[in-house]
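I'm opening a fresh page for a structure I haven't looked at before. My plan is to pick a few spots and write down what I find at each.

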Amino acid sequence: MNQPGVQDSESKSAAVLARLAADVPEVIRRTERQVRELSTYDALSSPELAEAIGRNVTDAVETLQTNQLPSRHRLTELAEKVVRHRIAQGIPVEDMMRTYRVSLAVISDRFIELAMEADIDAQEALRSSRLLWSLSDAFMTCVALEYQRLSVESALLDDQAKADLLQGLLFGTGNMAEMTRACETRGLDPSGSFYAVRARATGTGNLSAICRDLQHRGAGSSGTAVVSPFRGDAIGLLSAVPNAVEGAVVAVGAPMPLSHIAQSFASASRVLDAAIRLGRAGVLEMPDLSWRITALGDLEISGLLHERYIAPLEDRGEFGEQLLQSVRHYLACDRNIPAAADAMFVHKNTLRYRLRKFEELTSVSLESTDTIVELAWALEVKAATPTPSAPER
């Protein structure tokens with residue numbers, strides 16, 4: 001049998017909890033006065049805020065009655081419901097947590113007041129107050145975890161929506177009316193012109209960092225940029241041509257309206273392919289590579305010119321390679337023999353001799369415009385073509 005003193009204490013505690021449960025209007029009044037200091041909670045009507053505070057009182061009373069915290073499952077379910085609803089109302093998680101803590105503080109203070117009036121043992125009242133703060137901590141932990149989970153989920157959904165928008169625009173596969181609306185929500189002016197971009201990491205470049213840098217640098221002083229990963233590359237729309245991006249080769253198409261941006265992206269893709277094959281770096285546009293883009297893409301003409309200018313020297317071993325290097329420097333220096341000789345660290349007469357030998361072996365004249373054009377073509381394609389590995393023995 002319970003001792004009379006114990007029964008009396010339990011009876012007093014039950015009476016205090018009953019009064020606390022019935023004292024919801026006073027708790028609401030005290031809590032709302034503090035919560036309204038947060039302007040973000042203007043989105044909540046008084047009835048909605050009162051309902052939330054009333055639920056907090058009910059949870060607090062049940063916790064004190066059972067002398068234990070609600071299950072983690074129940075707290076998680078409640079946190080998910082609250083966080084989703086408050087996010088939709090535009091309330092930051094910091095304000096959610098602060099408001100809940102204010103609510104539990106008011107409830108705890110009111111419980112202490114009632115306990116003192118009922119002459120509840122001080123140690124018992126302290127234990128109950130600590131239990132309420134444990135409830136506050138447990139619920140706020142669930143709120144923080146749920147907010148983090150929803151933030152990750154939202155970011156992933158936004159990343160996917162951004163990727164879908166860019167792929168639809170840049171590859172010309174999306175519904176233009178829908179994509180126009182999506183552009184507006186991202187701050188892209190549907191009537192404006194944009195640069196399509198395609199970039200690839202080089203060396204130790206990081207794709208995520210490249211996307212961030214392009215989106216920042218491609219926005220210009222007052223524009224907007226949208227960039228997303230795609231099959232190992234960074235693709236996107238820029239308002240301005242960016243500066244060099246560390247660890248990346250960046251290809252930029254011509255500025256075009258959204259209705260023709262797929263054409264700009266096709267150009268950027270061709271520039272990127274040519275830049276990678278030629279070993280170029282930095283930010284490149286089509287004028288930077290001009291005819292080289294076509295040279296690398298026309299296998300038939302490239303094969304013909306290889307047979308005419310490169311093949312006759314391949315059987316000459318090291319000497320043939322010297323002749324090709326001499327011709328390459330000669331063209332790179334705009335056919336200025338002294339400048340080319342200096343670049344190669346050879347005498348001018350040595351270079352003249354090698355150029356004559358090249359003409360003899362290929363049966364061409366370096367004074368011919370056609371020869372200069374075709375030779376430049378052949379040399380660029382050769383430089384962009386991987387050298388076959390020697391067979392293993």
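**Entry 1: leucine 114.** I started with leucine 114, which sits in helix 5. I'm keeping in mind that this is a predicted model. Is leucine 114 buried or exposed? I looked up its relative accessible area and got 1%, so leucine 114 is buried, the cut-off being under 20%. Next I listed what leucine 114 touches, skipping residues up to four places away in sequence, and found Val16, Arg19 and Leu20. I also checked a pair from far along the chain: leucine 114 and valine 271 are 157 residues apart, and their C-alpha atoms are separated by 77 Å.

**Entry 2: the cores.** How many residues does the largest nonpolar core have? I get 41, and Ile107 and Phe139 are those with the most contacts inside it. I then looked at which helices feed this core: helix 1 (4-22), helix 2 (24-35), helix 3 (46-66), helix 4 (72-88), helix 5 (93-117) and helix 6 (122-170) each give at least two residues. Apart from this core there is another, of 38 residues, and Val249, Ala275, Leu284 and Leu289 are among them. A general note to self: in soluble globular proteins, nonpolar side chains tend to be buried together.

I went back to phenylalanine 139 for its partners. Leaving out neighbours within four places in sequence, phenylalanine 139 is in contact with Leu75, Leu78, Ala79, Val82 and Tyr100.

**Entry 3: helix 2 against helix 3.** I wanted to know how this pair is arranged. The axes of helix 2 and helix 3 cross at roughly 120° and come within 9 Å. Helix 2 and helix 3 are therefore oblique to each other. I noted the crossing as right-handed. On the helix 2 side, the contact is made by Val24, Val27, Ile28, Thr31, Glu32 and Val35. Helix 3 brings Ser46, Leu49, Ala50, Ile53, Gly54 and Val57. Sorted by class, I have eight nonpolar, three polar and one charged residues in this contact.

**Entry 4: helix 3 against helix 4.** Here the axes come within 14 Å and cross at roughly 170°. That angle is over 145 degrees, so helix 3 is roughly antiparallel to helix 4. Helix 3 passes helix 4 in a left-handed crossing. From helix 3 I wrote down Glu48, Ala52, Arg55, Asp59 and Glu62, and from helix 4 Arg74, Leu78, Val82, His85 and Arg86. Which classes make up this contact? I find three nonpolar, one polar and six charged residues. Leu78 and Val82 of helix 4 were already in my notes as contacts of phenylalanine 139.

**Entry 5: serine 228.** I moved on to strand 2 (residues 226-230), where serine 228 has its place. Its relative accessible area is 3%, so I put serine 228 down as buried. Again leaving out residues up to four places away in sequence, serine 228 touches Lys162, Ala163, Leu166, Cys211, Asp233, Ala234 and Ile235.

**Entry 6: glycine 220.** Where does glycine 220 lie? I found it in the loop between helix 8 (207-217) and strand 2. With 40% relative accessibility, glycine 220 counts as partly exposed. Last, I checked glycine 220 against leucine 238, 18 residues apart along the chain, and their C-alpha atoms are separated by 8.2 Å.

Technical notes:
Residues numbered from 1 in each chain as written. Predicted model: local features only at pLDDT ≥ 70, side-chain atom pairs only at ≥ 80, totals over all residues. Heavy atoms only, no water. Core = buried A, V, L, I, M, F, W, Y, C linked by side-chain atoms within 4.5 Å. Buried < 20%, exposed > 50% of the residue type's maximum accessible area, 1.4 Å probe, protein only. Helix = DSSP H or I, 4+ residues; strand = E, 2+ residues; numbered from the N terminus. Contact = heavy atoms within 4.5 Å. Axes fitted to C-alpha atoms, helices over the stretch in contact; angles between N-to-C directions. Parallel < 35°, antiparallel > 145°, perpendicular 65-115°, else oblique. Left-handed = near helix turned anticlockwise from the far one by under 90°. Nonpolar A, V, L, I, M, F, W, Y, C, P; charged D, E, K, R; others polar.
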